[in-house]
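Welcome! Take a moment to turn the model around on your screen, and then let us walk through it together.

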Amino acid sequence: FFRCASQWLLSPYRLVCRSIMVVSRLGLCTVAGLFLFFTLLNAAWGNEESESQATVASAVVTLTDNTVDSVVWGPKDVFIKFYAPWCGHCKKLAKPWKAFAQKMQEEMPDLIVAEYDISGSRLQLSRYGIKGFPTLKLFKKGRMYDYPGPRDVTSLTAYVNQMLGFTADPGLPIPEPGGLKEKARDYFRVLQEDLQAIWKLRKAALFVVLCVGFGIR
């Protein structure tokens, strides 16, 4: 009697426990399924965004001291942004320059849009006549042209469309790829400029010392 009564009393409890276990398992499966779904969806969005960013990044060709000569003397016209990583104006131009490069990649694939961190090479600064950052130069058929206009996508596009047609501006000759003799000459020219600057500083310092000495007397 007591065994039957205990089973009768415990049967609803067991039923409730089994129901809770079934619901919890279904709930765990549902949560796991939703988690997997959103994880895959997020991965798909992430891949699409990264592919888009990679396309924008690949539209801008990164130049170095070893590659710049071969590109500017290559068969295609080149529009180069000469910049320094620490320059605030260069950082501000980064996003419009990438957008412009992507636009040119779609509309004008024969034009190379590039960027060149030239801040660490005084010889290259002298060769290309870079006096500030950023400097934009268009290289076309052996000549180079300074870009003088606003640095937005619309203005850059209009300038390229104009310059790659007929232009009365003769531009400046692109510096020839330097051999050992030319590099040595450039090096000594930069050294001479440094020595002249040091001599001017020494003369100025000597003048200040003399003035102070006479003033004390």
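Let us begin with one side chain: Lys 103 has a relative accessibility of 28%, so it counts as partly exposed. Keep in mind as you look that this is a predicted model. Lys 103 has a partner, Glu 107, and their side chains meet in a salt bridge, with 2.9 Å from N to O. Both residues sit in helix α3, and because they are 4 residues apart there, about one helical turn separates them.

Now zoom out to the whole chain. The protein chain contains 6 helices and 6 strands. If you trace the chain from the N terminus, you meet these elements in the order α-β-α-β-α-β-α-β-β-α-β-α. The chain has 217 residues, and 25% of them count as buried. Its exposed surface comes to about 15500 Å², with carbon and sulfur atoms supplying 65% of that area. Among contacts with a separation of 6 or more, 74% are between residues 24 or more positions apart.

Next, look for the strands. They form an open sheet of 6 strands in the order β1-β3-β2-β4-β5-β6, and the pairing is mixed. At the edges are β1 and β6, each of which pairs on one side only.

Strand β3 is a good place to pause. Which strands pair with β3 in the parallel sense? One is β1 (residues 61-63), which pairs with β3 over 3 bridges. Here Val 61 stands opposite Ala 114, and Leu 63 has Tyr 116 as its bridge partner. The other is β2, which pairs with β3 over 7 bridges. In this pairing you can find Asp 77 opposite Leu 111. Is β3 mostly covered or mostly uncovered? It is mostly covered, with 5 of its 7 residues buried. The helix we started with also belongs in this picture: β2, α3 and β3 together make a right-handed β-α-β unit.

With the sheet in view, we can look at the nonpolar residues. The largest nonpolar core has 19 residues, and those with the most contacts inside it include Phe 79, Trp 97, Phe 100 and Leu 111. Two or more residues of this core come from each of α3 (88-107), β3 (111-117), β4 (135-140) and α5 (153-163). Helix α3 gives the largest share, 5 residues. Try selecting Leu 111 to see its surroundings: leaving aside residues up to four places away in sequence, Leu 111 touches Asp 77, Val 78, Phe 79, Met 104, Leu 138, Val 160 and Leu 164. Apart from the largest core lies another one, of 16 residues, among them Val 68, Val 78, Ile 80 and Phe 139.

Charged side chains add another layer. How many salt bridges does a search of the whole structure find? The search finds 4, and the pair in α3 that we met at the start is a salt bridge too. Another joins the side chains of Arg 127 and Asp 69, at 3.4 Å from N to O. Arg 127 lies in helix α4 (residues 122-127) and Asp 69 in helix α2 (residues 68-72), so this pair ties together parts that are 58 residues apart in sequence. Both Arg 127 and Asp 69 are buried.

A further salt bridge brings us back to the sheet. Glu 115 pairs with Lys 81, and their closest N and O atoms are 3.3 Å apart. Glu 115 is in strand β3 and Lys 81 in strand β2 (residues 77-83), so the link spans 34 residues of sequence. Glu 115 has a relative accessible area of 17% and is therefore buried. Lys 81 counts as buried as well, because its relative accessibility is 3%; the cut-off for buried is under 20%.

Finally, visit two spots in the loops. Pro 134 is found in the loop between α4 and β4, and a cis peptide bond joins Phe 133 to Pro 134, with omega about -10°. In the loop between β4 and β5 (143-146) you will find Lys 141. Its phi is near 50°, a positive value in a residue other than glycine. Is Lys 141 buried or exposed? With 74% relative accessibility, Lys 141 counts as exposed.

Key: Residues are numbered from 1 along each chain as its sequence is written. This is a predicted model: local features need pLDDT of at least 70, side-chain atom pairs count only at pLDDT 80 or more; totals for chains, interfaces and linings use all residues. Side-chain values use heavy atoms; hydrogens and water are left out. A nonpolar core is a set of buried Ala, Val, Leu, Ile, Met, Phe, Trp, Tyr and Cys residues joined through side-chain atoms within 4.5 Å. Buried means under 20% relative accessible area, exposed over 50%, partly exposed in between (1.4 Å probe, protein chains only). Contact means heavy atoms within 4.5 Å. Accessible areas come from the Shrake-Rupley method with a 1.4 Å probe; for residues, only the protein chains shown count as cover. Two strands pair if DSSP finds at least two bridges between them. A crossover is right-handed if, with the strands pointing away from the viewer, the path from the first strand over the helix to the second runs clockwise.
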